[in-house]
Amino acid sequence: MVNRGSSRYRTSLTARFLPRKRSPYAITLYIISLFAFSMFIFQFFTRSMLEDDEQKSNFPEEFQSKQVPEKQLWDAPFSYGLHPCVKPTSKYKAAQLSEHYITVRSNGGLNQMRTGISDMVAVAHIMNATLVIPQLDKRSFWQDSSMFSDIFDELHFIETLKGDIRILKELPKNLEIVPRARKHFTSWSGVGYYEELTQLWKDYQVIHVAKSDSRLANNNLPLDIQRLRCRALYHALRFSPPIESLGKKLAERLRTRGGRYIALHLRYEKDMLSFTGCSYGLTDRESEELRTMRETTNHWKVKEINSTEQRIGGFCPLTPKEVGIFLRALGYPPSALIYIAAGEIYGGNTRLLELMSHFPNVVLKETLATQEELEAFASHASQAAALDYIISVESDVFIPSYSGNMARSVEGHRRYLGHRKTITPDRKGLVKVFDKLETGELKEGSSLSFLVRQMHENRQGAPRKRRGPQPGIKGRARFRTEESFYENPYPECICASKKQHEMT
């Protein structure tokens, strides 16, 4: 056995660990390998840097700039000289005296009732009936007791449509007690359906319609019927003088504050969150409150909703925080004047501060109008919504956080008036962006701005034909996937020919 302290042991141990003398060939091969590895590392990092630079240089010039040109932010898209055209064609049959009557109970909120009433005007014309001024919905979530004349200019409505149908304020006294045919008209029906229903006149003098919303098809109707719908909605259904006057006054007040303003339809309200089942970002208590509301609201058919799936599918309203990120990515400066066209925001000022921390110049009805001006609208949600509607239509930019009835109605009206700038958020696409921001995969800056602005390049209210049903869906279900006629009345009520420029 070798003693570990002996010189022989130390020599053998040293020899084991010291490198042997390399041959010239091995040294050369080692140097070449080291050089090749160094070049690979150099090229890898250089390429990454070049790709980053190339990606930045491939951004359009306006995306590289931190400040987007004001013209791009505020100006309406090019409208190709299109004009409103609602004048009847030479084949149109004017109103005829009729002793048949249609009474209507409108349903839903303000804009659901407005479009429904416009449909009933067209239905009355098709069925050659006299239309009695519709009753408004007093049983919906808003519990508004307003009468037709409280919200709309009743005399103007009757006078404007006198060449199309006869309209009476009330059913004649002698017909109040006669039996009525009570009907639920089928949704999205065509002219043929209503022509068949005229058989009812053989047995009844009065037909009562229980619901008015979406009773006419969006497409494949005669041109004159479509134009009559536009005449009814955009010309005859003018708001009552007090609403019209204050709405225009508030819009002008906004202009004196900032010159230009955004009308933000922030549909982050209790009823909408409950109806859609969207609880992202809410506390457990708030989520439970919304679930309970959905369970106890009888006319809401769907009770069990997966909030996560709703959000991923793009079926949830944007939160105030998400709207703030969205507006910054589009390039709007913190000084932008924003009018909140909405009811009470769920979560109150706490949630609204998530938007105001980046856009402090936020205005609500309550801060824009005086207490005396709003006094007449207290407890009348539909009248207050009419003020929001006017201010939204008159705005430089309209942005809805959710595609509900008001969003669709305002967009369609703005298209009719000359394709005013309306930015419709791609909620499904934005959810992916917001989630990447949340996880740190993406940061706010030029990359985010590029993604968001590119995503919405063709969602700014420019002229286009109405979208049809989604492919692959058959039967009556396809009608539900069509773009609403009142969301985009092109081409029937918007024409290129100056000769057809009527009733602007």
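1. In this predicted model, a good place to begin is strand β2 (residues 101-104), which runs parallel to strand β3 (residues 130-132) and is joined to it by two bridges. Within this pairing, tyrosine 101 has threonine 130 of β3 as its bridge partner. The two strands belong to an open sheet of five strands, whose order is β4-β3-β2-β6-β5 and whose pairing is parallel. At the edges of this sheet stand β4 (167-168) and β5 (181-183), each with a single partner strand, so that one side of each has no neighbour in the sheet.

2. Another open sheet is made of four strands, in the order β9-β8-β7-β10, and here too the pairing is parallel. Its edges are taken by β9 (362-363) and β10, each of which has a single partner strand, so one side of each is left without a neighbour in the sheet. As a general point, the strands of a sheet pair through backbone hydrogen bonds, either parallel or antiparallel.

3. The pairings of this four-strand sheet can be followed from strand to strand. Strand β8 (residues 338-340) is joined to β9 by two bridges, the strands running parallel, and tyrosine 339 stands opposite valine 363 in β9. Between β7 and β8, which also run parallel, there are three bridges, with leucine 264 standing opposite isoleucine 340 in β8. Four bridges pair β7 with β10 in the parallel sense, and isoleucine 262 stands opposite valine 397 in β10.

4. Which way do the side chains of strand β7 (residues 262-265) point? Ile262 and Leu264 point one way from the strand, while Ala263 and His265 point the other way, and all are buried. In a regular strand, side chains alternate between the two faces of the sheet.

5. The salt bridges of the model come to a count of 27. One of them joins arginine 255 to aspartate 396, with the closest N and O atoms 2.6 Å apart. Because arginine 255 lies in helix α10 (residues 241-258) and aspartate 396 in the loop between α18 (381-394) and β10 (397-400), this pair ties together parts that are 141 residues apart in sequence. Arginine 255 has a relative accessibility of 27% and therefore counts as partly exposed.

6. Glutamate 483 and arginine 467 also meet in a salt bridge through their side chains, at 3.9 Å from N to O. The pair links distant parts of the chain, 16 residues apart, with glutamate 483 in the loop between α22 (477-480) and β11 (494-495) and arginine 467 in the loop between α21 (446-455) and α22. Is each partner buried or partly exposed? Glutamate 483, at 3% relative accessibility, counts as buried, whereas arginine 467, at 47%, counts as partly exposed.

7. A further salt bridge is formed by arginine 215 and aspartate 213, whose closest N and O atoms are 3.2 Å apart, and both of these residues are buried. Elsewhere, Glu70, Lys71, Asp75 and Arg260 are linked in a network of salt bridges.

8. On the surface, a patch of positive charge gathers Arg105, Lys138, Arg139 and Arg182. Of these residues, lysine 138 is found in the loop between β3 and α6 (148-151), where its relative accessible area of 34% makes it partly exposed.

9. Some backbone details deserve a careful look, since most residues other than glycine have a negative phi, and most peptide bonds are trans. Tyrosine 80, although it is not a glycine, has a positive phi of about 55 degrees; tyrosine 80 lies in the loop between α4 (70-74) and β1 (83-84) and is exposed, with a relative accessible area of 60%. Serine 379, likewise not a glycine, has a positive phi of about 65 degrees; serine 379 lies in the loop between α17 (371-375) and α18 and counts as exposed at 68% relative accessibility. A cis peptide bond, with omega about 15 degrees, joins tyrosine 490 and proline 491, and proline 491 has its place in the loop between α22 and β11.

10. Finally, valine 302 sits in the loop between α12 (284-296) and α13 (307-312) and counts as exposed, at 52% relative accessibility. From C-alpha to C-alpha, valine 302 and threonine 276 are 9.1 Å apart in space, and they are 26 residues apart in sequence.

Technical notes. Residues numbered from 1 in each chain as written. Predicted model: local features only at pLDDT ≥ 70, side-chain atom pairs only at ≥ 80, totals over all residues. Heavy atoms only, no water. Salt bridge = Lys/Arg side-chain N within 4 Å of Asp/Glu carboxyl O. Buried < 20%, exposed > 50% of the residue type's maximum accessible area, 1.4 Å probe, protein only. Pairing = 2+ DSSP bridges. Patch = residues over 30% accessible without salt bridge, like charges linked within 9 Å, V, L, I, M, F, W, Y side chains within 5 Å. Areas by Shrake-Rupley, 256 points an atom, 1.4 Å probe, with all protein chains shown as cover. Lys, Arg positive; Asp, Glu negative; His and termini not counted. Charge placed at Lys NZ, Arg CZ, Asp CG, Glu CD.
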